[in-house]
Amino acid sequence: MQEKPTIDLSQMPKAELHLHLEGMPRWETLRQAHRRHYGTELPAVPYWYAADFRFANFGEFASLFREYVHPWLQAPSGYAEVIRDCFDSLIEQNIRYAEINFTPLLVEKFGFSLPNILDLLAAEIDRAKDRNCTIRMFAGLLRDRGSEEAIAWVKKLRSSPIISGFDFQGNEVGWPVDRFLTAIDLAKEAGKRVKAHAGEMTGPENIKIAVERARIDRIGHGTSAIQDPEVVELLRDRHVTVEMCPTSNERLKYVKSYREHPIFDLDAAGIAVTVNSDDPTFFGLNLTDELSRLMAQRQAKISDLKRWTRNAFCHAILDEKTRRRYLSELEAWQPTADVLDG
Ligand SMILES: [Zn+2]
């Protein structure tokens with residue numbers, strides 16, 4: 001099939017709801033950090049950036065975090081450097097709104113003070129705000145650490161104004177999110193948002209549990225929803241936002257191929273889908289690249305990209321004045337290249 005010409009999306013006002021701090025620094029910045037802190041020389045282009053590269057399994061993917069990002073985070077100025085690079089990458093892409101998940105467990109495991117890291121985040125959030133980028137932080141809770149630990153994290157972080165909410169992540173298999181109802185209720189009572197990765201590595205039943213039993217209205221991935229028309233209806237009727245990550249799903253083999261990713265089908269079914277890059281360090285694409293790839297390889301139109309971005313702004317944690325400003329900026333934007341758009 002013929003690919004569409006590349007269109008410059010760099011100036012498009014964007015929004016991204018599904019990003020992990022530990023998986024989003026830019027490779028070149030990471031490479032310089034390893035050289036500076038450890039004297040090690042990493043390749044200019046990692047082998048997993050090859051277009052045909054696929055992870056053997058989730059374990060192989062997770063091992064890259066331990067090998068490349070964790071050593072950087074453990075350097076004395078590591079968190080400050082990682083946060084600065086991640087936020088800069090958003091600002092440079094003209095991302096107006098982003099929700100970033102980070103793992104508080106790692107902060108403590110690496111011997112840092114969580115309040116200090118939250119202060120660091122607060123300062124960088126202010127800096128981004130001055131550059132027209134609103135950032136909301138979510139604490140990522142690892143499911144297989146169990147319910148008691150999730151409750152403890154919510155209690156520890158619920159009073160922090162830097163934490164907008166909690167995101168259940170990690171191993172879905174055997175860990176449906178209704179095992180965390182107490183933690184979820186505590187978070188909601190404190191006025192925090194709750195999200196869950198669901199239906200990425202498991203079937204649609206896990207999405208159903210998250211929406212029906214845990215009353216979660218923000219699903220990460222949700223790719224397997226397409227296997228069950230009832231779950232598709234449920235997502236549509238409950239106005240659940242689905243944070244889709246096409247290249248992530250392709251590289252981890254949670255979809256058969258990029259061409260078969262269900263984003264268009266779920267969109268056509270009336271679900272509020274959004275486009276996200278998940279872990280650009282390890283999937284090789286940032287949000288701008290992912291949107292371009294959807295145009296080139298799935299024939300997405302500018303009107304599709306705008307609708308998916310509008311979905312993200314509409315469900316973002318924003319005051320109404322800022323939301324309207326971002327939405328009108330998006331509507332006003334047009335690509336400069338000659339594009340025949342439907
Ligand atoms: Zn994720």
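Helix H1 (residues 27-38) and helix H2 (residues 58-74) have axes that come within 10 Å and cross at roughly 60°. Please keep in mind that this is a predicted model. Below you will find that helix pair, followed by strand S3 (residues 134-142) and its pairing with strand S2 (residues 95-102) and strand S4 (residues 163-169).

**The H1 and H2 crossing**

- An angle of roughly 60° falls outside the 65 to 115 degree range that counts as roughly perpendicular and is not under 35 degrees, and H1 and H2 are therefore oblique to each other.
- The crossing of H1 past H2 is left-handed.
- On the H1 side, the contact is made by Leu-30, Ala-33, His-34, His-37 and Tyr-38.
- H2 contributes Tyr-68, Pro-71 and Trp-72 to this contact.
- Sorted by class, the contact of H1 with H2 has six nonpolar residues and two polar ones, with no charged residues.

**Strand S3 and its surroundings**

- How many of the nine residues of S3 are buried? Seven of them are, so S3 is largely enclosed by the rest of the structure.

**Pairing of S3 with S2 and S4**

- S2 and S3 pair in the parallel sense, and six bridges link them.
- To find your place in this pairing, look for Tyr-97, which stands opposite Thr-134 in S3.
- S3 and S4 also run parallel, joined by six bridges.
- Here a handy landmark is Ala-139, which stands opposite Phe-166 in S4.

Definitions and conventions: Residues are numbered from 1 along each chain as its sequence is written. This is a predicted model: local features need pLDDT of at least 70, side-chain atom pairs count only at pLDDT 80 or more; totals for chains, interfaces and linings use all residues. Axes are lines fitted to C-alpha atoms, for helices over the stretch in contact, and angles run from 0 to 180 degrees between N-to-C directions. Helices (H or I, at least four residues) and strands (E, at least two) are DSSP runs, numbered from the N terminus. Angles under 35 degrees count as roughly parallel, over 145 as roughly antiparallel, 65 to 115 as roughly perpendicular and the rest as oblique. A crossing is left-handed if the near helix is turned anticlockwise from the far one by less than a right angle, and right-handed if clockwise. Two residues are in contact if their C-beta atoms, placed from the backbone, lie within 7 Å. Ala, Val, Leu, Ile, Met, Phe, Trp, Tyr, Cys and Pro count as nonpolar, Asp, Glu, Lys and Arg as charged, and the others, Gly among them, as polar. A residue is buried if 20 or more other C-beta atoms lie within 10 Å of its own, exposed if 12 or fewer, and partly exposed in between; C-beta atoms are placed from the backbone. Two strands pair if DSSP finds at least two bridges between them.
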